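Let's look together at how helices pack and how charged side chains pair up. Have the model open beside you.

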Amino acid sequence: MDELQRIQAERADIEKKLNEALSEKKIDKQYIESLDRRLKQLDNLAEIEDPVIKSEALDILQNGDPVEYILNVYSRLHVGDVQIGEVLLLSIANQSVLNSEGLQPKLSGASGKGKTHAAKAMFHLIPDVGYKLEGSLSAKSMYYCPDLKPGTVEGFEKLINRNVYILLIS
């Protein structure tokens with residue numbers, strides 16, 4: 001079974017679960033939202049499996065410089081702060097290392113200097129295929145998060161009363 005068939009089979013299973021959940025008397029909104037989120041992730045995975053996209057990505061990996069390519073796209077989204085882009089990219093790549101405990105880069109500086117925009121620009125470049133969460137975090141939210149997988153990039157959080165943003169990667 002190839003990857004597209006696996007994605008389609010999982011999508012059909014999730015759609016069945018979603019229909020069953022919607023037909024129940026007491027609707028579990030959180031469960032339905034998690035199923036909807038997974039459907040979107042599967043659609044994103046299917047898009048990545050597109051032969052044209054896959055061949056272009058393989059060409060960049062084999063014949064080009066993937067880091068340079070990603071940073072060039074990042075620079076089109078966020079002008080300046082190339083070093084911040086490099087740090088954010090390396091912190092994301094670090095999640096592929098099995099014995100890594102993750103890197104949590106701290107972006108700090110005066111208000112209005114582009115910390116949020118820089119983090120959002122890099123976050124935008126991560127495909128949402130099951131390892132990407134976005135939003136603010138409470139002290140215990142990661143403990144209770146049902147969809148958290150190792151290597152998940154949790155976006156960034158503004159610390160209360162400070163101009164500090166952190167890209168959290170588990």
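Some questions and answers on helix packing and salt bridges follow.

This is a predicted model, where local features need pLDDT of at least 70, side-chain atom pairs count only at pLDDT 80 or more, and totals for chains, interfaces and linings use all residues. Residues are numbered from 1 along each chain as its sequence is written, and side-chain values use heavy atoms, with hydrogens and water left out.

Q: Are helix 5 and helix 6 roughly parallel or oblique to each other?
A: The axes of helix 5 (residues 82-93) and helix 6 (residues 115-124) come within 10 Å and cross at roughly 45°. Angles under 35 degrees count as roughly parallel, over 145 as roughly antiparallel, 65 to 115 as roughly perpendicular and the rest as oblique. Helix 5 and helix 6 are therefore oblique.

Q: Which residues in helix 6 are met by helix 5?
A: Contact means heavy atoms within 4.5 Å. From helix 5, I84, G85, L88, L89 and I92 take part, and in helix 6 they meet A118, A119 and M122.

Q: How far apart are the closest N and O atoms of E15 and R11?
A: The two residues sit four apart in helix 1 (residues 3-23), so about one helical turn separates E15 and R11. They form a salt bridge, meaning a side-chain nitrogen of Lys or Arg within 4 Å of a carboxyl oxygen of Asp or Glu. The closest N and O atoms of E15 and R11 are apart by 2.2 Å.

Q: Which residue in helix 2 forms a salt bridge with R11?
A: This pair links distant parts of the chain, 32 residues apart, with R11 in helix 1 and its partner in helix 2 (residues 29-48). At a closest N and O separation of 2.7 Å, the partner of R11 is D43.

Technical notes: Axes fitted to C-alpha atoms, helices over the stretch in contact; angles between N-to-C directions.
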